[in-house]
Amino acid sequence: MTIAGVAALVALEWTLFSNFEIRFINYWLPYHAPLTFLLALTLMVLALRSWVRLMLGGERISTILEENPAPLSLSRAEPLASRLGFSLPVRVLVVDDDAGVRMVMCKKLSNLGVQVTGVCDGVEALLAVADDRWDLVLMDGEMPFMDGIEAIRAIRHQNLLPVYTPIVTISANRSQDYRQACVDAGTTACRPKPRDTRDLEALMDEFL
């Protein structure tokens, strides 16, 4: 960068003295060549001095970044699987018909180091649990085609997941009748929809 600055200044000085018929500049014309040489020499010495100090100090950019990495959040610094003692990555299935809610939950879980998949209704949830391993299922309650209660009942009845795999109903419906219906279907627990990453971390800690 310094060498580029030197070249630019020398080029500017040479252009002013060589291409413009200005009385003040023409007065200095006999000193054109020595002035150009002196300016270039001075700036090159400064550039060489800075380069030598940088190399002797050992403070190259790569070294600085290695010794002082960007700070990481606690969640990213320690993957959830290792914190909970899992030998394999934690895998979570998010079932929610609201695309925005589903996307946000998946993003936050991914930031926690979780392998997460999102599906939009109970039918897709049945297909997903039948085809893969899951450590936790977060199931929305009210969805089209097949709601959460129906999906949980089918999963438990058909043994699509091991009995110890938690299925947590995530719903704003807090009525006692609704909660009882979820329990009867085979849900592990009913919880309100998480508002932020801390709520999701609390769910992970509670059910995994």
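Two elements are said to be in contact when heavy atoms of one lie within 4.5 Å of heavy atoms of the other. With this definition, the surroundings of helix α9 can be described in a model that is predicted.

Helix α9 spans residues 148-157. At its start, a side-chain oxygen of D147 comes to within 3.2 Å of the backbone nitrogen of I149. After the helix comes N159, which has a positive phi, near 55 degrees. Within α9, the residues G148, I149, A151, I152, A154 and I155 are buried. The buried residues pack against α8 (122-131), β3 (136-140), β4 (167-170) and α10.

Consider next the neighbouring helix. Two packed helices are described by the angle between their axes and the distance between the axes. For α9 and α10 (residues 176-185), the angle is about 20 degrees and the axes are 8 Å apart. Angles under 35 degrees count as roughly parallel, and α9 is therefore roughly parallel to α10. On the α9 side, I149, I152, R153 and R156 take part, and they meet Y178, A181, C182 and A185 of α10. This contact has 6 nonpolar, no polar and 2 charged residues.

The sheet completes the picture. Its 5 strands are arranged in the order β2-β1-β3-β4-β5, and the sheet is open, with parallel pairing. Because β2 (115-119) and β5 (189-191) stand at the edges with a single partner strand each, one side of each has no neighbour in the sheet. Strands β4 and β5 pair over 3 bridges, and V168 has A189 in β5 as its bridge partner. Helix α9 packs on this sheet by touching β3 and β4, and its direction makes about 145 degrees with that of β3.

Definitions and conventions: Residues are numbered from 1 along each chain as its sequence is written. This is a predicted model: local features need pLDDT of at least 70, side-chain atom pairs count only at pLDDT 80 or more; totals for chains, interfaces and linings use all residues. Side-chain values use heavy atoms; hydrogens and water are left out. Axes are lines fitted to C-alpha atoms, for helices over the stretch in contact, and angles run from 0 to 180 degrees between N-to-C directions. Helices (H or I, at least four residues) and strands (E, at least two) are DSSP runs, numbered from the N terminus. Angles under 35 degrees count as roughly parallel, over 145 as roughly antiparallel, 65 to 115 as roughly perpendicular and the rest as oblique. Ala, Val, Leu, Ile, Met, Phe, Trp, Tyr, Cys and Pro count as nonpolar, Asp, Glu, Lys and Arg as charged, and the others, Gly among them, as polar. Buried means under 20% relative accessible area, exposed over 50%, partly exposed in between (1.4 Å probe, protein chains only). A polar contact is a pair of N or O atoms within 3.5 Å; within protein, one must be able to donate a hydrogen and the other to accept it, and residues adjacent in sequence count only if both atoms are side-chain atoms. Two strands pair if DSSP finds at least two bridges between them.
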